[in-house]
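I am opening a notebook on this structure, with one entry for each thing I look up. The entries follow the order in which I went through them.

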Amino acid sequence: MALLQIRHYPDPLLKQPAAPIEHFDEQLRQLAEDMAETMYAAPGVGLAAPQVGVALRLAVIDCAAKDEPPALLVLVNPQIVTSEGESCEEEGCLSVPGFYAKVDRSSRVRVRFQDLDGSPKLIEAEGLTAIACQHEIDHLDGVLFVDHLSPLKRSLFRKKWQKLQERQQEVM
Ligand code: K1U
Ligand code: ZN
């Protein structure tokens with residue numbers, strides 16, 4: 001097991017659509033395991049492979065509450081097949097640390113994916129798990145949550161991000 005380095009905005013890999021996974025081998029299993037460890041350590045409720053520098057369609061999600069047992073979902077080649085309802089909740093992103101914003105999403109989704117053996121699966125998700133599925137699948141398509149913001153909010157984000165970077169340069 002290993003902790004992986006999480007890439008931050010504006011890393012170009014975060015803007016690149018990831019490639020479908022075709023080989024269900026030990027290397028894929030190891031990547032999924034390392035991504036789960038990295039997500040739990042961050043801590044986060046999801047992580048997509050491009051965030052750790054791997055342009056493949058793999059994501060891990062665990063939205064279990066602290067007092068519940070872990071409920072790890074490993075999604076290989078996930079696709080949203082149906083979306084229903086509306087939600088507008090505050091989101092953050094491990095690749096955009098320190099910035100949070102409300103994002104319009106569907107409140108319920110059905111996601112088709114493959115497991116680590118390549119077997120097809122279907123889940124129905126709502127609440128935080130539905131939001132995490134949409135957030136992580138966006139990462140696989142090269143989309144960040146800030147891309148969903150209005151032009152005005154996005155320009156405020158860019159200014160705030162620049163200031164954060166400048167402040168970080170000052171303390172280094
Ligand atoms: O992909 C990522 O950047 C991880 C991100 C996913 C996310 C899913 C749903 C809503 C917002 C963000 C995170 O996990 S950000 C951290 C986070 O939301 C969290 C961390 C600890 C406990 C609970 C939530
Ligand atoms: Zn994210």
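I began with Pro43, which I found in the loop between H1 and strand E1 (46–48). When I checked the backbone there, the peptide bond from Ala42 to Pro43 came out as cis, with omega near -10°. I note here that I am reading a predicted model, and that every value in these entries is computed from it.

I then looked up another proline, Pro10, which lies in the segment before helix H1 (26–41). The peptide bond that leads into Pro10 from Tyr9 is also cis, and its omega is near 5°.

While still on the backbone, I turned to Asn77, a residue of strand E3 (residues 73–84). Asn77 is not a glycine, and yet I read a positive phi of about 50° for it.

Next I went to the metal. Which residues coordinate the zinc ion (ligand 2)? I found Cys93 through SG, His135 through NE2 and His139 through NE2, at 2.1 to 2.3 Å. Along the sequence, I wrote the spacing of these donor residues down as C-x41-H-x3-H. Cys93 belongs to the loop between strand E4 (87–91) and strand E5 (101–105), whereas His139 belongs to helix H2, so the pair ties together parts that are 46 residues apart in sequence.

My next entry concerns ligand 1, which sits in the largest pocket. There are 15 residues around ligand 1, and those that come nearest are Val45, Gly46, Gln51, Leu94 and Glu136. I sorted the shell by character and obtained seven nonpolar, six polar and two charged residues. Helix H2 (residues 127–140) gives the largest share of this shell, with six residues.

I also went through the polar contacts of ligand 1 one by one. A polar side-chain atom of Glu136 is 2.7 Å from an oxygen atom of the ligand. In the case of Leu94, a polar backbone atom takes part, at 2.8 Å from an oxygen atom of ligand 1. His135, which I had already listed as a zinc donor, has a polar side-chain atom 3.3 Å from an oxygen atom of ligand 1. As a last item on this ligand, I noted that its accessible area on its own is 530 Å², of which the protein covers 76%.

Technical notes. Residues are numbered from 1 along each chain as its sequence is written. Chains are lettered from A and ligands numbered from 1 in the order in which they are written. This is a predicted model: local features need pLDDT of at least 70, side-chain atom pairs count only at pLDDT 80 or more; totals for chains, interfaces and linings use all residues. Side-chain values use heavy atoms; hydrogens and water are left out. A residue is near a molecule or strand if one of its heavy atoms lies within 4 Å of it. A polar contact is a pair of N or O atoms within 3.5 Å; within protein, one must be able to donate a hydrogen and the other to accept it, and residues adjacent in sequence count only if both atoms are side-chain atoms. Accessible areas come from the Shrake-Rupley method with a 1.4 Å probe; for residues, only the protein chains shown count as cover. On a 1 Å grid over the protein atoms alone, a cavity is a set of points where a 1.4 Å probe fits but cannot get out, and a pocket is an open set with protein on both sides within 12 Å along at least five of seven lines; lining residues have an atom within 4 Å of a point. A molecule sits in a cavity or pocket if more than half of its atoms lie within 2 Å of its grid points. Helices (H or I, at least four residues) and strands (E, at least two) are DSSP runs, numbered from the N terminus. Ala, Val, Leu, Ile, Met, Phe, Trp, Tyr, Cys and Pro count as nonpolar, Asp, Glu, Lys and Arg as charged, and the others, Gly among them, as polar. Donors are N, O and S atoms within 2.8 Å of the metal (3.2 Å for Na, K and Ca); water is not among the atoms, so sites may look incomplete.
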